[in-house]
Amino acid sequence: MLHISKDEQKKRLQARIENPKKRWKFSPTDLKERALWDDYQEAYEDAINYCATDYASWYVVPANHKWARNLAIVEVVLRVLKKMKPRYPKIRFDPATATID
């Protein structure tokens, strides 16, 4: 879950209104949803507390600063991949016998 503060959300919404190149990102419904901030925070907390498991973890990533958000995501993905130890699947045919017309 990417988490930004209410103040950061306000800055981003304001920038979308003020900057003509960002206006496409804004919708008046954003303001209606923003009014429900506390309800959303409670719902996120419930979802994380009730749904996170050892095999399906949730990560709350601070996202006020995009560079820090990106670094945190890379670190989490790298840690999970190392733990998973992914490998290429074994092939079930002899590639020497494959012919492509």
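Me: Which helices and strands each supply at least two residues of the lining of the largest pocket?

Reply: Elements are DSSP runs numbered from the N terminus: helices are H or I with at least four residues, strands are E with at least two. Here the list is strand S1 (2–3), helix H1 (6–18), helix H2 (28–34), helix H3 (37–51) and helix H4 (66–84), each with at least two residues in the lining of the largest pocket. H1 supplies the largest share, 5 residues. This is a predicted model: local features need pLDDT of at least 70, side-chain atom pairs count only at pLDDT 80 or more, and totals for chains, interfaces and linings use all residues. Residues are numbered from 1 along each chain as its sequence is written, and side-chain values use heavy atoms, without hydrogens or water.

Me: How much space lies in the largest pocket, and which residues lie nearest its centre?

Reply: Rolling a probe the size of a water molecule over the atoms shows where empty space is left. On a 1 Å grid over the protein atoms alone, a pocket is an open set of points where a 1.4 Å probe fits, with protein on both sides within 12 Å along at least five of seven lines; lining residues have an atom within 4 Å of a point. Volume is the space filled by probe spheres set on the points, which are joined across faces, edges and corners. In this model, the largest pocket holds about 520 Å³. Its lining has 21 residues. Ile4, Gln9, Arg12, Arg16 and Trp37 lie nearest the centre.

Me: How do the residues of that lining divide by class?

Reply: Ala, Val, Leu, Ile, Met, Phe, Trp, Tyr, Cys and Pro count as nonpolar, Asp, Glu, Lys and Arg as charged, and the others, Gly among them, as polar. The largest pocket's lining has 9 nonpolar, 3 polar and 9 charged residues.

Me: What lines the second largest pocket?

Reply: Read the list along the chain: Asp54, Tyr55, Ala56, Ser57, Tyr59, Arg79, Val80, Lys83 and Met84. That lining has 5 nonpolar, 1 polar and 3 charged residues. The space is about 150 Å³. Take serine 57 from this set. Serine 57 sits in the loop between H3 and strand S2 (61–62). Its C-alpha atom is 16 Å from that of histidine 3, which is 54 residues away along the chain.

Me: Is serine 57 buried or exposed?

Reply: Under 20% relative accessible area is buried, over 50% is exposed, and in between is partly exposed (1.4 Å probe, protein chains only). Serine 57 has 39%, so partly exposed is the call. Try leucine 13, in helix H1. It counts as buried because its relative accessibility is 9%. Leucine 13 and lysine 90 are 77 residues apart in sequence, and their C-alpha atoms are 49 Å apart.

Me: Where is the salt bridge of glutamate 8?

Reply: Look for a side-chain nitrogen of Lys or Arg within 4 Å of a carboxyl oxygen of Asp or Glu. That rule gives 1 salt bridge here. Glutamate 8 pairs with arginine 12, and the closest N and O atoms are 2.9 Å apart. Both residues are in helix H1, 4 residues apart, or about one turn of the helix. Glutamate 8 is buried, at 14% relative accessibility. Arginine 12 is partly exposed, at 22%.

Me: Which residues form the nonpolar patch on the surface?

Reply: Patch residues have over 30% relative accessible area and no salt bridge; nonpolar side chains (Val, Leu, Ile, Met, Phe, Trp, Tyr) are joined within 5 Å, like charges within 9 Å. Areas come from the Shrake-Rupley method with a 1.4 Å probe; for residues, only the protein chains shown count as cover. Here the patch is Leu2, Ile73, Val77, Leu81 and Met84, together about 450 Å² of accessible area. H4 gives the most, 4 residues. Leucine 81 lies in H4 and is partly exposed at 40%.

Me: What is the phi of lysine 85?

Reply: It is near 50 degrees, a positive value in a residue other than glycine. Lysine 85 lies in the segment after H4. Lysine 85 is exposed, at 56% relative accessibility. Glutamate 75 lies within H4 and is partly exposed, at 46%. The C-alpha atoms of glutamate 75 and isoleucine 91 are 31 Å apart, with their positions 16 residues apart along the chain.
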